[in-house]
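The exercises below concern backbone geometry, and each is followed by a solution worked step by step. Please look through the sequence and the structure before you begin.

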Amino acid sequence: QLSSSSLTSFANARIEAQNGEERVINLDHGDPTMYEKYWQQEGDKTTIVIPGWQSLSYFSDVSNICWFLEPEFAKEVVRLHKVVGNAITENRHIVVGTGSTQLFQAALYALSPQDALEPISVVSAAPYYSSYPSITDCLKSGLYKWAGDAHSFKKEGPYIELVTSPNNPDGFVRQSVVNRNEGILVHDLAYYWPQYTSISFPADHDLMLFTVSKSTGHAGMRIGWAIVKDTEVAKKMTKYIELNTIGVSKDSQLRAAKVLKVVSNSCESSSSEGENFFEFSHNQLATRWELLRLAVQKSGQFTVPEFAPQFCTFLRRDFKPQPAFAWLKCEQEEVNDCESFLRSKKILTRSGKHFGFSPKYIRISMLDRDQNYNLFVQRLSNIISS
Ligand code: PMP
């Protein structure tokens, strides 16, 4: 059921479209501004004050392997995973990073054999997150090298496979595909949260990456965390971050701790603690997916993935995945480059070719502000066969 406020803003988008206002709609990046509404609604609950005499030392907790990890942040990470039930944290190391982007690089550094004759291959099943190849190869490392689509990876010997679940760009739940015993897995679980997908079990992989960018929407805070089983791997990841940035902003960690705390509180108690963050964002995305499917149906020129419902142990109901991105296929035979086609309609998207896939596909962010999103679905629904 669509809420009255979403219908109002959808109607406003229609009026704007009728007024002939053809502004460019940029849905290329996964900028999570959709979440502003929730945090504005919660007012000062997440406000913190940091006096000038705080955060002077480089060190946060010298007794921890990750010596720049703020204990308060670590505590709230553990608590949130327990509340949501999406990852095991007991007897694991937590390594904080400047976004999960830094942790991904720390993981490559930590998992690569240091004395190998050639760089270890890094693979992921296409369509894969478009930043993996460029991040992996930007410094032309002697330790690791991008080797493309995991489906067609045939080389013998050790390799690192990146498993993104749910996946960016297509939203499907995934497992490793190479399945040879010399594989080292990195699980990027940026989207394993109940606004996007059913939580079916607490994830328990060797190395898991999470980020506030996609969980709470605070991408600008630049905070991510890794949950790591192996002590030596946690030590090496910490070493990489020490070499790279001598730690991670304490101010950001303290803000992130407060935001995670408010999210956990919102899940655990009744209305006095504010609206349940995941219910709110889940409902927002449900409305958006409903509007998208209606627009795709009206247009008749595109298809979007179909998902099967699954039981969510957190929200305690069955639902279908509602990913942070829509993976749209242009069905018109004459359109080979869907990104250019939509650019001609002043909608900026990211071509399937950046994800190791066909340019008939494009990725669209579902996490923009209401006004932009509604204008987009309105414009999409008006693309009809000539
Ligand atoms: N992994 C995946 C799968 C992502 O989609 C993103 C963000 N687009 C990241 C990692 C990077 O997140 P962060 O902002 O924490 O660096």
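With 16 C-beta neighbours inside 10 Å, Ser 55 counts as partly exposed, in a model that is predicted.

**Exercise 1.** Work out why Ser 55 counts as partly exposed, and place this residue in the chain.

Solution. Begin with the cut-offs: a residue is buried if 20 or more other C-beta atoms lie within 10 Å of its own, and exposed if 12 or fewer do. Because Ser 55 has 16 such neighbours, this residue falls in between and counts as partly exposed. Next, find Ser 55 in the loop between helix 2 (36-41) and helix 3 (71-84). Finally, read the backbone angle: phi of Ser 55 is near 60 degrees, a positive value. Most residues other than glycine have a negative phi.

**Exercise 2.** Decide whether Arg 316 is buried or exposed, and describe its phi angle.

Solution. Count the neighbours of Arg 316, which has 7 other C-beta atoms within 10 Å and is therefore exposed. Then locate Arg 316 in the loop between strand 10 (310-312) and strand 11 (317-319). Its phi is near 55 degrees, which is positive although the residue is not glycine.

**Exercise 3.** Determine where Pro 127 and Pro 166 are found, and describe the peptide bonds that lead into them.

Solution. Take Pro 127 to start: the bond from Ala 126 is cis, with omega near -5 degrees, and Pro 127 sits in the loop between strand 3 (120-124) and helix 5 (131-137). Continue with Pro 166, which is joined to Ser 165 by a cis peptide bond with omega about -5 degrees; the loop that holds Pro 166 runs between strand 5 (159-164) and strand 6 (183-188). For context, most peptide bonds are trans.

Notes
Residues numbered from 1 in each chain as written. Predicted model: local features only at pLDDT ≥ 70, side-chain atom pairs only at ≥ 80, totals over all residues. Helix = DSSP H or I, 4+ residues; strand = E, 2+ residues; numbered from the N terminus.
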